[in-house]
Amino acid sequence: MLKEKDTIVAIATPSGYGAIAVIRMSGKNSIKIINNIFVSISLKKKLSENSINLGFIKIKKKIIDKVLILVFKKPKSYTGEDVVEISCHGSMYIQNKILSIIIDQGARLANPGEFTLRAFINGKIDLCQAESILDIVNSETLFSHELAINQMRGNISNIIKNLRKKIIDLLSLIELELDFSEENLFVLNKREFQKILDNIIKKINDLIKSFKIGNALKNGILVSIIGCTNVGKSTLFNKILKDERSIVSNIAGTTRNYIEENLIINGIKFRFIDTAGINNKTKDYIEKLGIKKTYKNIKKSDLILYVFDCLNEEILMKNLKSLQEKYPKKKIFILINKYDLIKKKINLRNYQDKDIFHISAKYGYGIKNLLDEITFFSKKITSLKENSIIITQTRHYENLKKAIFYLYKVKEDLEKSIYPEFLYISLQTALECLGQIIGEVTNEDILSNIFSKFCIGK
């Protein structure tokens with residue numbers, strides 16, 4: 001994957017016109033190349049040390065641009081190699097011309113994420129920290145930014161490294177047991193072993209549980225707007241977004257597929273979904289597919305907004321009971337829509353008043369109160385204790401789940417007094433799962449998948 005002898009180059013700033021642009025170069029020939037095309041205003045000698053230099057990019061005595069050159073000598077650079085950054089004017093012609101000149105001097109265009117990949121391979125960061133850099137670039141809210149910063153600082157990496165050290169300690173105890181088994185000496189203290197194992201399992205379970213919060217803060221809290229056909233779901237969706245995003249009509253079943261839009265409220269990202277109306281009597285094949293997707297969205301949602309517009313409390317309770325039985329752990333807000341027409345408050349048996357909202361999606365009545373409650377609910381499910389460590393990466397979550405599976409297997413086998421060799425195998429597998437999170441254990445497919453998501457200048 002990495003050709004260590006190559007010197008790579010890329011435009012690090014977004015494509016398009018701007019006041020300035022940054023071109024980044026990394027590799028053993030970076031300083032040599034820049035010395036071939038750069039002339040300092042002070043006419044000082046060739047660049048060789050960490051420095052900031054003002055001058056001109058020249059090719060065949062022709063000035064291309066006045067630039068600022070930053071030189072970072074290895075190993076004190078982002079990649080751990082010699083790095084040169086060129087700040088030039090933002091003209092697309094200038095950017096591409098300088099890039100072309102550098103490539104002509106022997107560099108090659110960098111692959112997506114290759115600068116960060118080199119930082120990982122050269123030991124400047126671990127894999128967990130590399131992923132955090134992408135999260136920082138993509139962060140949209142205060143919370144997602146803070147989570148990414150904590151990960152970049154190595155908070156999660158340090159916990160994983162500590163857990164791996166404890167597992168290695170357990171492996172060492174088993175090795176001692178195996179070494180002395182032929183002499184009929186028992187050195188493995190099961191009670192002490194069990195104590196260390198339980199501590200590891202608890203900490204990993206805490207990380208696994210944190211993923212729900214981390215995923216919500218990073219990717220957004222999923223809120224599905226559901227209900228029967230023609231109750232005003234799309235009108236409500238548009239009113240919340242303050243945009244005519246969904247088509248609204250008096251024809252039942254207008255929304256056949258779900259529509260999703262993001263909205264940031266008080267620094268928290270929400271993903272609102274306008275779903276197809278639930279109509280169990282329909283014979284329309286396309287409408288049935290839309291309803292099937294509605295139930296899929298309900299299953300993965302953090303909050304359900306169930307919209308009604310009928311005064312028949314029995315039908316309302318019947319539909320609500322059916323939904324609660326199917327999804328008993330889902331939080332549901334009941335929205336009695338078209339209140340401007342009904343003008344009567346409905347109290348539902350066995351349901352808290354604070355979760356019932358009388359609204360008019362058309363005129364906006366009750367929408368502010370609804371959004372306030374949605375925000376309050378979101379703060380409860382994303383509440384963090386001070387110094388909490390939260391995981392946000394699906395890859396981390398999956399590896400932690402695998403690790404905990406094998407650790408529980410060790411716990412079970414220990415209670416059954418299974419041979420130490422089998423304990424060793426399960427512990428070793430758990431160790432590898434944790435190692436994949438921080439890059440202690442990697443393969444090329446994992447690295448390719450992670451770094452392909454980066455932009456070419458990072």
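Q: How many of the nine residues of helix α8 (residues 233–241) are buried?
A: In this predicted model, a residue counts as buried when its relative accessible area is under 20%. Lys 233, Ser 234, Leu 236, Phe 237, Asn 238, Ile 240 and Leu 241 of α8 are buried. Helix α8 is therefore largely enclosed by the rest of the structure, and the number of its nine residues that are buried is seven.

Q: What covers the buried residues of α8?
A: The cover includes both strands and a helix. Among the strands are β8 (221–227), β9, β10, β11 (303–308) and β12 (331–336). The helix included is α12 (367–381).

Q: Which residue follows α8, and what is the sign of its phi?
A: Helix α8 spans residues 233–241. The residue that follows α8 has a phi near 55 degrees. That residue is Lys 242, and the sign of its phi is positive.

Q: How many bridges join β9 to β10, and which residue in their hairpin takes a positive phi?
A: Strand β9 (residues 259–265) and strand β10 (residues 268–274) run antiparallel and are joined by seven bridges. One of the pairings sets Ile 264 against Lys 269 in β10. The hairpin has two residues between the strands, and the residue with a positive phi, near 50 degrees, is Asn 266.

Q: In what order do the seven strands of the open sheet lie, and which are the edge strands?
A: The pairing in this sheet is mixed, and the order is β3-β4-β5-β6-β2-β1-β7. An edge strand pairs on one side only. The edge strands are β3 (38–40) and β7 (108–109).

Q: Which residue in β5 stands opposite Ile 57?
A: Strand β4 (residues 51–59) and strand β5 (residues 62–72) run antiparallel, with nine bridges between them. Opposite Ile 57 in β5 stands Asp 65.

Q: Which helix lies across β1, β2 and β7, and at what angle to β1 does it run?
A: Two helices can be placed against the strands of this sheet. Helix α1 (residues 30–37) packs on the sheet, touching β2 (20–26), β3, β4, β5 and β6 (83–89), and its direction makes about 70 degrees with that of β3. The helix across β1 (8–11), β2 and β7 is α3 (residues 114–121), and its angle to β1 is about 135 degrees.

Q: Are α7 and α13 roughly parallel or roughly antiparallel?
A: Helix α7 (residues 190–219) and helix α13 (residues 394–415) pack with their axes 10 Å apart, at an angle of about 155 degrees. Angles over 145 degrees count as roughly antiparallel. The relation of α7 to α13 is therefore roughly antiparallel.

Q: By class, how many residues in the contact of α7 with α13 are nonpolar?
A: The residues that meet include Phe 193, Leu 197 and Ile 201 in α7, and Tyr 397, Leu 400 and Ile 404 in α13. The contact also has three polar and five charged residues. The nonpolar residues number 15.

Q: Are α4 and α15 roughly parallel or roughly antiparallel, and what is the handedness of their crossing?
A: Helix α4 (residues 127–138) packs with helix α15 (residues 444–451) at an angle of about 20 degrees, their axes being 10 Å apart. Angles under 35 degrees count as roughly parallel, so α4 and α15 are roughly parallel. The handedness of their crossing is left-handed.

Definitions and conventions:
Residues are numbered from 1 along each chain as its sequence is written. This is a predicted model: local features need pLDDT of at least 70, side-chain atom pairs count only at pLDDT 80 or more; totals for chains, interfaces and linings use all residues. Side-chain values use heavy atoms; hydrogens and water are left out. Axes are lines fitted to C-alpha atoms, for helices over the stretch in contact, and angles run from 0 to 180 degrees between N-to-C directions. Helices (H or I, at least four residues) and strands (E, at least two) are DSSP runs, numbered from the N terminus. Angles under 35 degrees count as roughly parallel, over 145 as roughly antiparallel, 65 to 115 as roughly perpendicular and the rest as oblique. A crossing is left-handed if the near helix is turned anticlockwise from the far one by less than a right angle, and right-handed if clockwise. Two strands pair if DSSP finds at least two bridges between them. Contact means heavy atoms within 4.5 Å. Buried means under 20% relative accessible area, exposed over 50%, partly exposed in between (1.4 Å probe, protein chains only). Ala, Val, Leu, Ile, Met, Phe, Trp, Tyr, Cys and Pro count as nonpolar, Asp, Glu, Lys and Arg as charged, and the others, Gly among them, as polar.
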